Amino acid sequence: MQENVNVAEIFGENVFNDAIMQERLPKKVYRRLKDAIANDEELDLDTADMIAHEMKVWAIEKGATHFTHWFQPLTGVTAEKHDAFITAPDERGKVLMSFSGKELIKGEPDASSFPSGGLRATFEARGYTAWDFTSPAFVRQDAAGATLCIPTAFCSYTGEALDQKTPLLRSMEAINMQSLRLIRLFGNTTSKKVTPSVGPEQEYFLVDAKKFLQRKDLIYTGRTLFGAMPPKGQEMDDHYFGTIRQRIAGFMRDVNIELWKMGVSAKTQHNEVAPAQHELAPIYTEANIAVDHNQIIMKTLKRVACQHGMKCLLHEKPFAGVNGSGKHNNWSLTTDDGINLLDPGITPHENIQFLLVLSCIISAVDKHAGLLRESAADPGNDFRLGANEAPPAIISIFLGEQLEDVVEQLISTGNATRSKKCGTLHTGVRTLPDLSTDATDRNRTSPFAFTGNKFEFRMVGSRDSIGMPNTVLNTIVAEAFCDACDRLENSKNLVDAVHDLIKENLSEHQRVIFNGNGYSREWVDEAERRGLANIRSMVDSIPELLKEDTVTMFEKFHVFTKAELNSRAEVQYENYSKTINIEAKTMIDIASKQIIPAVIKYEKSLSETIIAIKNAGVCEVSVESELLCKTSLLLTEANRALKNLKETETKACSLPEGAPRARYYHDVVMEAMNTLRSPIDRLEMIVDKEMWPMPSYGDLMFEV
Ligand code: ADP
Ligand code: MG
């Protein structure tokens, strides 16, 4: 039996959180920091020095030997450089433990190797990390010992954002300012700050580490590049919410404990749809903290899996033929005094502020649908959005029956007079209570669904940072609020003006609302008729970053400069090309060095068998001959495809970097990869399992 865990006691024990700061910092210093956080101000060096000192003492008590500025460059993962707290030895050979305000506030990693998309040439490699004191520092314990991690933003010498966090923080300022304007219109003079709240649900797969290590595709690319379907996939729906097996339960327990200690409120865990797929969701929190916490969650899942002899796959599509993994990004707007601007109340038709907020969000999502889709683009997510086995990549909004009804009333008459009520669910069993039902049902197929008091953006990929999707959401909604306020602040009759604006927003952007089955073939046609974009791949979506209205919006709200957007587009093209390049090379490697030799061995054993049988005087060898013939044909097909893949791969590398190369990888190299995969997966179904050089899909998914 495992020891009991006192969750309340361990929660946040490794976080330099508000309670610790209040306890340890001089009152004046604590106040100064709180004011700076509340008013988005900078911190002076004296205050920083005092905070740094207390932080150091606290971290050393936790066993920390090093500190690191923990940041999120454009690679999508986190980066860190560790420095020990020690000073130079004195004349007696002794060292002191030191950590100054300057070291806390600013760091200077040698940044030349991080992608900057042309923002910074390698010869002027200066990059700075700056403490984001709105996200608390924490101590992380792992094989390296204990390390004080300081969440930071990462900028170039000239102040351009080289990371995910800086634009996110800027977008939070934008949405704060515009939301305050909006609620002031409705007479709210008491709320001081509006913050986007975010709760991301993280999906992942677990496989046995020993089997993982026998698959070069998983090692190099995070997904399987070959693999025939096992006899059973996810068709029985027996994994979803199924009993969690003991090995997995033990893993989840340790993940939770680690996360709780670092102040991450891991809350929900369950099995997901595909075999070996699971989910973890924390309780929602402020957007920038949620982004940091999501990175901590991904790292912790990986680290703890290793401790349990497993590997955690965060790739969006580790296996063909079963569900991929995403990250449902739940988003709402909360005031500092606890009001959720997306809460419709019991009678939404009377909640005029909510209806304005809703209509603004609808208009923002419709206007910037392409950009929103782009924010979820990464090479792995191409398999989840718009691909063969995936739902279409069309942005639409699900509102549910109740709100859709209100919206229809508003569009037709400019007035909504009733809201459909919640019903009662009669269970038909006397001993069970009758339950009151929600006013809206769920729709699992919508990429942007209203779920009670929040929107759930479901396109985000499982491995990706949620930084960009939230930056985009915050900014497009800030723009819609700003447009609304510009108009309403000057209106003579506010109530009429609000009604007109809601009606206008809804009528103009109604086309983006869709409550039906988003996975159906009919929806693709219907969406096309409505003029909604269906951007099928990452490469197709990148230009959305540079569209004129996108650039104008981001510059207006000081979230991205044009140069920063250009750099992101470049980094993404490069990232795409590099990813597919590695996948293609891995396929070539596996096919040439493992699979083809294995198939040849199998052919040899078949031929020897045929000869032996004939020598024994039996003439009937039709089964063996047929197998040999089939194998040989498939091998020829595979070899031809391999040659072709090698050629396209060489050609790709000779193309100009950026869009042309990425497009070629998408259109030609990916196709060549599929052509190679097909005969090899069929060979796997023929060749003796003992001879196949790697674990099968069945071994990976059903024997964890
Ligand atoms: P679901 O109904 O989608 O399963 P849950 O209640 O389990 O929803 O929540 C899923 C995620 O959404 C969790 O991370 C949760 O904390 C988060 N969430 C809940 N309410 C809000 C909100 N108002 N704003 C943002 N995120 C929220
Ligand atoms: Mg959900």
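Which residue in β11 stands opposite L206? The exercises below use a predicted model.

**Exercise 1. Strand β7 and its partners**

Task: Find the residue of β11 opposite L206, then list the strands that pair with β7 and describe how covered β7 is.

Solution.
- Step 1. L206 faces C312 of β11. Strand β11 covers residues 310-313 and is joined to β7 by four bridges, in the antiparallel sense.
- Step 2. Strand β9, residues 277-282, also pairs with β7 through four antiparallel bridges. Within this pairing, E203 is opposite E279 of β9.
- Step 3. Strand β10 (residues 285-286) runs antiparallel to β7 and is linked to β7 by two bridges. Here V198 is placed opposite T285.
- Step 4. Nine bridges connect β7 with β12 (residues 327-335), again in the antiparallel sense. One position to check in the model is S197, which has S332 of β12 opposite.
- Step 5. For the cover, count buried residues: in β7, residues 194-208, 13 of 15 are buried, and the strand is mostly covered.

**Exercise 2. Strand β6 and its partners**

Task: Decide which strands run parallel and which antiparallel to β6, and say why β6 is described as largely enclosed.

Solution.
- Step 1. Strand β1 (residues 64-70) runs parallel to β6, with six bridges between them. In this pair, H66 is opposite T147 of β6.
- Step 2. Strand β4 (residues 127-131) is antiparallel to β6 and joined by five bridges. The partner of G127 in β6 is S156.
- Step 3. Strand β5 (residues 138-142) is likewise antiparallel to β6, with five bridges. Q141 has A146 of β6 as its bridge partner.
- Step 4. Two residues separate β5 from β6, and the two strands form a hairpin.
- Step 5. Strand β6 (residues 145-156) is largely enclosed by the rest of the structure because 10 of its 12 residues are buried.

**Exercise 3. Two helix contacts of α15**

Task: Describe how α11 and α14 each pack on α15, giving the angle, the distance, the handedness and the residues.

Solution.
- Step 1. Choose the two quantities: a packed pair of helices is described by the angle between the axes and the distance between them.
- Step 2. For α11 (residues 352-367) and α15 (residues 494-509), the angle is about 30° and the axes are 9 Å apart. This crossing is left-handed.
- Step 3. On the α11 side the contact includes I352, L355, L356 and S359, and on the α15 side V498, L501, I502 and N505 are among the residues met. By class, this contact has nine nonpolar, four polar and two charged residues.
- Step 4. For α14 (residues 467-488) and α15, the axes come within 10 Å and cross at roughly 145°. The crossing is right-handed.
- Step 5. From α14 come A484, R487 and L488, and from α15 come L494, A497, V498 and L501. The classes are six nonpolar, no polar and one charged.

**Exercise 4. The nonpolar core**

Task: Which residues touch the most other members of the largest nonpolar core, and which helix gives the most residues to it?

Solution.
- Step 1. The core has 180 residues, and I361, V365, V477 and L676 touch the most other members.
- Step 2. Helix α19 (residues 562-615) gives the most to this core, with 14 residues.
- Step 3. Take I361 as an example: leaving out residues up to four places away in sequence, I361 touches F455, V477 and A480.

**Exercise 5. Loop residues**

Task: Are A276, E272 and H558 buried, exposed or partly exposed, and what is the phi of A276 and of H558?

Solution.
- Step 1. Set the cut-off: a residue is buried with 20 or more other C-beta atoms within 10 Å, and exposed with 12 or fewer.
- Step 2. A276 is in the loop between β8 (266-271) and β9. A276 has 23 such neighbours, so A276 is buried.
- Step 3. E272 is found in the loop between β8 and β9. Because 22 C-beta neighbours lie inside 10 Å, E272 counts as buried. The contacts of E272, not counting residues up to four places away in sequence, are E203, Y240, Q277, H278, E279 and N323.
- Step 4. H558 lies in the loop between α18 (548-556) and α19. With 13 other C-beta atoms within 10 Å, H558 is partly exposed.
- Step 5. Most residues other than glycine have a negative phi. A276 has a positive phi, near 70°, and H558 has a positive phi of about 55°.

Terms used: Residues are numbered from 1 along each chain as its sequence is written. Chains are lettered from A and ligands numbered from 1 in the order in which they are written. This is a predicted model: local features need pLDDT of at least 70, side-chain atom pairs count only at pLDDT 80 or more; totals for chains, interfaces and linings use all residues. Two strands pair if DSSP finds at least two bridges between them. Axes are lines fitted to C-alpha atoms, for helices over the stretch in contact, and angles run from 0 to 180 degrees between N-to-C directions. A crossing is left-handed if the near helix is turned anticlockwise from the far one by less than a right angle, and right-handed if clockwise. Two residues are in contact if their C-beta atoms, placed from the backbone, lie within 7 Å. Ala, Val, Leu, Ile, Met, Phe, Trp, Tyr, Cys and Pro count as nonpolar, Asp, Glu, Lys and Arg as charged, and the others, Gly among them, as polar. A nonpolar core is a set of buried Ala, Val, Leu, Ile, Met, Phe, Trp, Tyr and Cys residues joined through C-beta atoms within 7 Å.
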